Every structure is written in C-alpha cells, then in structure tokens.
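I opened a fresh notebook page for this one and went through it piece by piece. Here is what I looked up, in the sequence I took it.

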Amino acid sequence: MITGTPKPIEEILQMLEPYDNIVLAGCYGCVTVCRVGGEKEVEILASTIRLAREAAGKKITIKEVCLERQCDPEYVETMRPYVEDFQAVLSIACGAGIQFLAEKYLTTPLLPGINTGFLGVTERQGEWAERCQGCGDCVLHLTGGICPVTRCAKSLFHGPCGGSSQGICEVDKSVPCGWQLIVDRLKSLNQMDNYTKLKPYKGWNSSRDGGPRRIVREDMI
Amino acid sequence: MKSGSNLEKVLTAGNFSVTAECGPPRGADPEVVRKKAALVKGNVDACNVTDNQTSVVRMSSTAGCILIKEMGIEPLLQMVVRDRNRIALQSDVLGASALGVRNMLCLSGDHQKFGDDPQAKNVFDIDSMQLIHMVKTMRDEGIFPSGQKLDGAPKFYIGCAVNPFADPFEIRVPRLKMKIDAGADFVQTQCIYNMEKFKTYLDLAKKEGLHERVKILAGVTPLKSAGMAKFMKRMVAGMDIPDEVIKRIADEPKEKQAAKGIEMCIEQIQELKELEGIAGVHVMAIEWEEKLAEIIGGAGLLPRPVVE
C-alpha cells in the first residue's frame, strides 16, 4: 500500500489561514488502511481544525467527505456538485489522489494534509516499512525475494558494502542490512549462484528517471 | 603494462609496494595539499587522494591528484559512485586520464548521512563493482559501456577496496573474486587490526587463487591513542579492533601511547610482509602524515624502488 504521515497541525493551519469554508477529503484506499487519511482521520482532523480556529477567533466551515478512491475518476467526480461552493479542498489522500483532485477541479486550490511516504507493508500494528520503489524492472527472483534497490541504503546490486555489521546497516541501527537479508535468504534457498554473478548496470529509465511514467493496456481500452 | 603507472611497475616487478593517502582539504587552498604531500613524497609508490570521504565536502579528488602529481608524487584517484551517475563517472575517468592520472580506486562511497549534507540526494546509478567493469571496458576495449567507440582509451591501473571484517564474513572472499572478475588489478583493504581474522580471509582467498590474480595491499592505520582505538571500534561500522590490541596501547601512559601505536604499526607491517599473497601495504596515517617516513622506514621499506 501507499503509506503516509500526517502533516503537523501547525502547517495545516497555516495553509488554511486564507480560507473559512473548505472540504476535507479522505480516501477509503491505502490511506485508510494505514490510518492516515480515512473517514475516521477526516473526523478527527476536522474537529482539531475547528477547535483551533475557534480558539483563534476565526471560525471555519468544513465539509467532511471520504471518497472511495481519490485516484479513480468516477469517485473524484462525486465531488463536482458541491466543490465550487468551497474555497479550497484539504485532502488527506496520497500525493496521487491530491493531484488527481487538483487536475479535475481546476478553479479550486488543493492543499495536502499528509506527507505521502512509500510503497510498504504493515510489519505490525502501527508500524509500516518500505518494500518497493516501483523501479519498473523487478529482480526479486534473483535476490531471494528481497529488493536491493529498496532495502539497501545505497541500492547496490553487489552488496553488502563495508558498512554492514552484524546484520545492521551503517545508516541506522534500526535498519537491517538489505544485503545480509538477501545473502541469508539465498543461502537458505540454495541459490548463492545468483549472488556471485556480475549483474548488468540497471536501467533506471524504467524508473522515475525516465520521466513521469504511464501504463497503457490496449486490451482494456 | 595496463596503465604503465609507477604502482603497476613496482608491483609487477615483484616489489613489496607501499601506498598512503592524502585527504584533500575542506577549502580551496592548494598549500594544504602540498604540505601533506611533502610528507608523503619519497615514502610511497603511489598516494591515494580521497573522494569526499565520510561524505564531507572537500576539494575534488582529481584536483588533489594533479596537485600532488605536480610535486612528483604518483597519484591514485579515488572515485565514489555516491555522487556521480554513469555519465559523470565516464567523463571524470576520461578527464583524469587525460591529465595523466594512471591509478584509480573504485568505491561505492560512505552514505551521505555521515557528512555535513545528510539531506543530499545520493546517486548510486551503478555500484563499485560495475564501476570497475566500466573502467576496464573503457581501458581494454576502447569503448564506452554503451558500446560507442572512445576517442582515446583511458589508462588506469584499476583498484578496488575490500573490508574483510564486515558482515557477513562468508561472502567477503566471493565478493573479492567478483571484483577481480569485474576487472580489478589491485585491492586495498580496510585497516587491519584483527590479524587472525585477516589471515583466515587471506587463506580463503589463496585457496581460490585470488592472490595470483590481484595484487593485495593490506591496509594499516597507526593508532594515536587508546581513545582513538576505542572510538573507532565503537563508531566505525565494520571496524574490527580486538580488545588485546586496545589493551596493548592502553597499558602505556598517555604520553607514550602514540609511540606505541607507531611501534605496533611497524610490527604489523613486518608481519604482513612475510605473508604469502600480500603484495604491499596501504598506510592510512589519517591526519598523521608526518609519521609516514618513520613507519615505512621503520618497517624497512625505504627507499622505495625505482622501476623503469
């Protein structure tokens, strides 16, 4: 899923300074699962903003909504009947969702209420960790199902570097060395042959470096 | 000869080689480089010039190489893949060769988190293994990795670094083999303090015949004090300093610890010299270049041979 973290309330209040009636839009997709931008978070954030603005003597009207998905046109369209009645939309969906609203509602300012994080997993209740950078050329079959691009702090293809110590990456004591994980897994799978092969230079053009990406499925159009 | 560098000549002639390093300054003053280099001159076969080590911004490695070359010291260019994509790497390889640099050490580079600019974007377009391959391809095939023909191939004696003490230990020798397969001519190791573990590593490398395919220069760093030893052990990932080494220096009174550190370093070089498969030493006297002559001379490695 796409993860995120709430922006500091001070930053949100500063963004909302010029407005006194807004839509606060959540999303039932990823951000609901990682509990940063779902229906419940819309309610809590709306109350927080109202209280803060009341305390500052500058009341604000907030319409609370939660779209099925902010990244799908059919759900984004559900806001059309009322969006122009408001001065701005504060969205707590991911960056993709916020931008999709912005490009559909050209005359309404869109404000981000969260900082979008990464493609990750729920390791345990309340803890998410990155697993994929969407580089567009998956090599997980060669690396024991552990991604060197994402899990190695240097995205090395022939790790681990000299900074790997007792399974920990030099970058942070809480970060496991991705290449230690890969080596351990390859050993247990009896696939160390994959380790000792010299890998070709990665083509980053399938990643963000090739410019904004697009997938076109002719069979679905 | 692959590059015709002095280091290559000395090693190829079968001499026990000596390299040291010179960290460029945090500023544009060339005198700082010249002062350090004056302490290196005559004591080594080539001198590494570091490339923004520990991710702290310094004068560029290529500029440092040229400054010491002007003084008659053979430079060894360190190049990291942290800050340059493959376009910049190839370009800098060509530029350094054009300026007459003939040795190069291919490194990944410390993560930017450790420097003054932890918010910097890192590159890591290719890794150090692939950089070795890139330089070898350019040198030996006269082409860019893209396949385009070079207008004059760069001439480098290609080096790599290894840390025999990082984890997991069992891939350390296979990884050295990969670097040799990729094109490394010589290797400089991380500073060695745990000689027993290093010998185990060397034995495994010799079993694979790697010492016959690559020149192994053993890395040493003289300890200035027990405090420095403890700090390095605690703070530097992959730095293995056994307690008995620390005890030996800690047992000395403070004012005698530096002299003890030098004595221990000389002893260690003499021991390394006797090991089959060790082709030389890389003496990293960090900000202590004034002791190089004493250490290298003390180990019986001066004067340096002149090989035509």
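Entry 1. I began with one facing pair: Ala25(A) stands opposite Val65(A) in S3(A). I kept in mind that this is a predicted model. The strand on the other side of that pairing is S2 of chain A, residues 21–27, and I found seven bridges joining S2(A) to S3(A), with the two running parallel.

Entry 2. Next I asked what lies across these strands, and I found that helix H3 of chain A (residues 39–55) lies across S2 and S3 of chain A. I noted its direction too: H3(A) runs at about 170° to S3(A).

Entry 3. I then followed S2(A) to its other partner. Strand S4 of chain A, residues 88–91, pairs with S2(A) in the parallel sense over four bridges. Here I noted Leu24(A) opposite Leu90(A) in S4(A).

Entry 4. Leu90(A) turned up again, as it also stands opposite Leu111(A) in S5(A). Three bridges hold the parallel pairing of S4(A) with S5(A). How does the chain get from S4(A) to S5(A)? I traced it through helix H6 of chain A (residues 95–104), and this β-α-β crossover is right-handed.

Entry 5. With the pairs in hand, I wrote down the whole sheet: it is open, has four strands in the order S3-S2-S4-S5 (chain A), and the pairing is parallel. Why is one side of S3 and of S5 in chain A left without a neighbour in the sheet? Strand S3 (61–67) and strand S5 (110–112) of chain A stand at the edges and have a single partner strand each, so one side of each stays free of a neighbour there. The twist averages 25° from one strand to the next.

Entry 6. I moved on to where the chains meet. I found 23 residues of chain A in contact with 24 residues of chain B. On the chain A side, the elements giving two or more residues are helix H8 (178–188) and helix H9 (192–196). I sorted the residues of that side and got eleven nonpolar, ten polar and two charged.

Entry 7. Last, I looked at helix H3 of chain B, residues 61–70. I noted several buried residues in H3(B), among them Cys65(B), Leu67(B) and Ile68(B). What covers the buried residues of H3(B)? I listed strand S1 (17–22), helix H2 (30–40) and helix H4 (86–98) of chain B among the covering elements. Just after H3(B), I noticed that Gly72(B) takes a positive phi of about 90°.

Conventions
Residues are numbered from 1 along each chain as its sequence is written. Chains are lettered from A and ligands numbered from 1 in the order in which they are written. This is a predicted model: local features need pLDDT of at least 70, side-chain atom pairs count only at pLDDT 80 or more; totals for chains, interfaces and linings use all residues. Two strands pair if DSSP finds at least two bridges between them. Axes are lines fitted to C-alpha atoms, for helices over the stretch in contact, and angles run from 0 to 180 degrees between N-to-C directions. Two residues are in contact if their C-beta atoms, placed from the backbone, lie within 7 Å. A crossover is right-handed if, with the strands pointing away from the viewer, the path from the first strand over the helix to the second runs clockwise. Ala, Val, Leu, Ile, Met, Phe, Trp, Tyr, Cys and Pro count as nonpolar, Asp, Glu, Lys and Arg as charged, and the others, Gly among them, as polar. A residue is buried if 20 or more other C-beta atoms lie within 10 Å of its own, exposed if 12 or fewer, and partly exposed in between; C-beta atoms are placed from the backbone.
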